[in-house]
Amino acid sequence: MHRQKKYRAVTPGVAWVLAGLQIDSPYGLAALKALRPARAKDLASLEQNFVELARVVGFAEQDCEFFARPGSIFKHLRYIGGSLDNLEAGLVIDETELLEIKGFSLLLTDLKHWYDASGLSLSSIDFAEIDAVVKILNPDKTLVASFHLHDAYSERLKEIRAARKLLESAILQCQDSHRREELRRERLEIVHQERDEESSVRAELGHRLRPWVAKLRLNGELAGQLELLLARARIAVEHSCCRPELLPADCRVSLLAENMINPEVAEALLSKGHGFTPVTIELINGTTLLTGANMGGKTVALLTLAMNAELASLGFFVFASRFRMPLFDFICLMAGDAQNQASGLSSFGAEIIRLTELTALVRSGVGLAVCDEFARSTNPSEGRRFVQALGEFLQRSGSYGIIATHYDGIKIAGAACWQVVGLKNRSQHYGGGDQNEVLGRLCANMDYRLKKLAGDYEVPKEALHIATILEVDPEFMAILRGYYPPEDK
Amino acid sequence: MGRSLAECVDNCRCVAIIGMEKNAGKTTVLNYLLGRRLPLIHAITSIGYDGEDTDQVTGTDKPAIYVGCGTLVATASGLLGACDFTRELLRFTDFHTPMGEVVILRALSDGYAQIAGPSTTVQMSALVEMLHRAGAERVYIDGAAARKSTAALSTSDACILATGASFSHNIEETVEQTRHYVELLTLPRFEPGLPAGVPTDNINDCLIFSGDGTLVNSCSALDDQCAELIAARNGESTCVMVRGAFTQRLAQRLLDKCRQLGWLRLVGEDGTRLLISASQKSEMMRRGCNLQVLNRVNLCAVTVNPVSPAGLVFDSGDLCRRLARTISLPVFDVLAGQQMFV
């Protein structure tokens, strides 16, 4: 369970969600580590997961304290795999291992009681009855969380300890140093006898506990799965997420995303006093092109879409009011990849490597390809051809592709075109104050929503306009304007 | 004849026993205190690892800690095999030492204990709190040798200092250094305390305030530039707070630069962080420096071990009387009939 590599999120938004999950127990963390996106063939099991998640969300919406009790149990849960390994290997286990197993069994019994009483009755989670383990480790009538090798385990142990007690009080009372030394030697002898007998008791306890190892392991795994499920539900409730509608990968029906939110970006905006404009878009089977003004939020829109698709495939509810998607075999994000550049690749080299990966993925199944400003790093005349080729390639691939681009004149038969609505009021005066303030006013007047275009698109020429608003150096602007045709100036 | 050592810590919930040096008799004092069959639930833990049969530094035989039935013990799981009392395991603590995680036990019989506890202040405070919650009415912390006892001192509400022949072969030197150390530990408290909102990073641990309490500079107390920054205030009322170590080097540079120190109030985090020599301390005070601490240690007694590991034996009565004359605290030799010298 510890050798498995952690899932590496495709989108930064998913990495943010996973990092913020409320998971405390080592079993929950193991379940999170084992998390992998569902593929097209896993449709039935992912649907089952959503049925269960919806059930938990329903319960949690009725009861604001719903997560409190299991949460406090998960906080105290320790990983006992090592102790169980020793038990299974037939080793004589020590007192700390027995305390560990007892603590685990008590907490799991608590968790089972809570779960049974909650009425959740999920088909994937059915804790094994382990009351007998608690009874073995708690021979007393009163249930205590501590552990000791109780006198009740062995008559001989009881006798040895009684004799030890007598000797120790005799030592305390003895005035004669010679006699006291003698008594001390006797005590040492009896301490050894006690140790030997304790060791037999531990061996016997191990023998009685061994048949329970599989059930204890199973309960640990189930606790982890339950914790992950509750963590998913907690996010869904906190952010009013919606259950995705899943379609078979080969349905060719469009992906429909209404009012998507990117919680990471929304939180950053909120801290500056701004709101996040929900994104709505529909992706056809084939290629969808997205254009829009600079600073119009194309990248955020793409990342938000990819994040939600990835979340759905990981069994999470999504940050949207409605989200219908085919269950993809892959989600591929081609966006500015700082990591490749850091590893010494040129930006174009990095893009070509990602392209090679994408073409291989497309041949392996139906997926979602999200490409932000593809071929931005080469010259525009060649870049345009690269984008045209990618669009055509995706159009016939059977996958779902979206390409955000600044290049004019891309024409792909059957492709859908979307555009950022853009600046609300082009003639408004934005000047005054420093550039950051102007930038802020500009953002406030940007309509980040996406609109579907009826025919082919035309790339909006907003760059000159925005540079003018931002009061870039006049000499530079004069040179720049010289290169625009008169009607664009 | 006045109070006994046990009476000196009568109302304390957490008592740290620290030594001037190794073999200063900390364990003997602990055993004496644990051996008082008081109607109190005792608990014991240690800063790091102590309680081994042979002192790992000097190779001499050491007394083992002997706990009574009912005592709570916080020690590393790897040392359970070396503890010979019958026990109940109460809980894990999540504090890990090189000898395993610290667990809390309750002794169900008398017996010898090997104790290793956490060594950071944060963990020690949390552990003491756990012991209290587990029912301990008084917690003893077996502290380390003097300079390394910060964690014990900042957690406890009372402290016993063990000193003796192991510190120096010269009885006068032992008495003098003990007096110096007692003075550092019991320097008066800086009453206003740490001003709110001052930076508390570990690098810039020396904070320089003007007379009206404005932070004018901060730097690392280990940086040679530190003395310059302090000396630059020469003549203007200044309060310097050192949250890390105030070293002999820094003290000497300051003495070299300033003939008068009447303008300076020097506040250490606690006495253990002031690593200055006795002569530096008296010279600084002679020049008018006002030495204070943020946390004053409630030092309630000094104990002596007249025997050094090298075989040197001081006259116990003589050592106790000399100490009692120089410091205003009760002095005990717990092996010599627990008498008190004041």
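Start inside chain B, with domain 1 and domain 2 selected: between them there is one salt bridge. This is a predicted model. Zoom to B:Glu183 and B:Lys281, which form a salt bridge with their closest N and O atoms 2.5 Å apart.

Now colour the two domains. Domain 1 of chain B comes in two stretches, 5-186 and 298-340. Domain 2 of chain B covers 206-293. Place a marker at each C-alpha centre; the two centres lie 32 Å apart.

Stay at the boundary between these domains. Which elements of domain 1 of chain B give two or more residues to the side that touches domain 2 of chain B? They are helix 4 (150-155) and helix 5 (171-185) of chain B. Select helix 5 of chain B next. With six residues, helix 5 gives the most to that side of domain 1. By class, the side of domain 1 that touches domain 2 has five nonpolar, two polar and three charged residues.

Show both sides of this boundary together. Here 10 residues of domain 1 of chain B are in contact with 11 residues of domain 2 of chain B. The two domains of chain B bury about 880 Å² between them. Carbon and sulfur atoms account for 60% of that area. Turn on polar contacts as well: three residue pairs across this boundary are in polar contact, both residues being at pLDDT 80 or more.

Next, bring chain A into view. Select the residues where the chains touch: 25 from chain B and 19 from chain A. The size of an interface is often given as the accessible area lost when the parts come together. How much area is buried between chain B and chain A? The figure is about 1,700 Å², and carbon and sulfur atoms give 49% of it. Pick out B:Asp84, B:Leu89 and B:Phe92. These three supply 35% of the area that chain B buries against chain A, more than any other three residues.

Look for charged pairs across the same interface. There are three salt bridges between chain B and chain A. One to select joins A:Arg78 and B:Glu101. Their closest N and O atoms are 2.8 Å apart. Polar contacts link 13 residue pairs across this interface, both residues at pLDDT 80 or more.

Switch to a cartoon view of chain B. Strand 6 (87-97), strand 7 (100-107) and strand 8 (111-113) each supply at least two residues of the side that touches chain A. Which element of chain B gives the most to this side? Strand 6 does, with seven residues. The whole side of chain B that touches chain A has 12 nonpolar, five polar and eight charged residues.

Keep strand 6 of chain B on screen and add strand 1 of chain A, residues 147-148. Two bridges join these strands, which run antiparallel. Select A:Phe147. Its bridge partner in strand 6 of chain B is B:Leu89. B:Leu89 is also one of the three residues that together supply 35% of the area chain B buries against chain A.

Finish within chain A. Over all chains, the structure holds 40 salt bridges. For one inside chain A, select A:Arg161 and A:Glu198, whose side chains meet in a salt bridge at 2.8 Å, N to O. A:Arg161 lies in helix 8 (residues 155-173) of chain A and A:Glu198 in helix 9 (residues 177-209) of chain A, so this pair ties together parts that are 37 residues apart in sequence.

Definitions and conventions: Residues are numbered from 1 along each chain as its sequence is written. Chains are lettered from A and ligands numbered from 1 in the order in which they are written. This is a predicted model: local features need pLDDT of at least 70, side-chain atom pairs count only at pLDDT 80 or more; totals for chains, interfaces and linings use all residues. Side-chain values use heavy atoms; hydrogens and water are left out. Contact means heavy atoms within 4.5 Å. Buried area is the accessible area (1.4 Å probe) that two parts lose on being put together, summed over both. A salt bridge is a side-chain nitrogen of Lys or Arg within 4 Å of a carboxyl oxygen of Asp or Glu. A polar contact is a pair of N or O atoms within 3.5 Å; within protein, one must be able to donate a hydrogen and the other to accept it, and residues adjacent in sequence count only if both atoms are side-chain atoms. Helices (H or I, at least four residues) and strands (E, at least two) are DSSP runs, numbered from the N terminus. Ala, Val, Leu, Ile, Met, Phe, Trp, Tyr, Cys and Pro count as nonpolar, Asp, Glu, Lys and Arg as charged, and the others, Gly among them, as polar. Two strands pair if DSSP finds at least two bridges between them. Domain bounds come from an automatic or database domain assignment.
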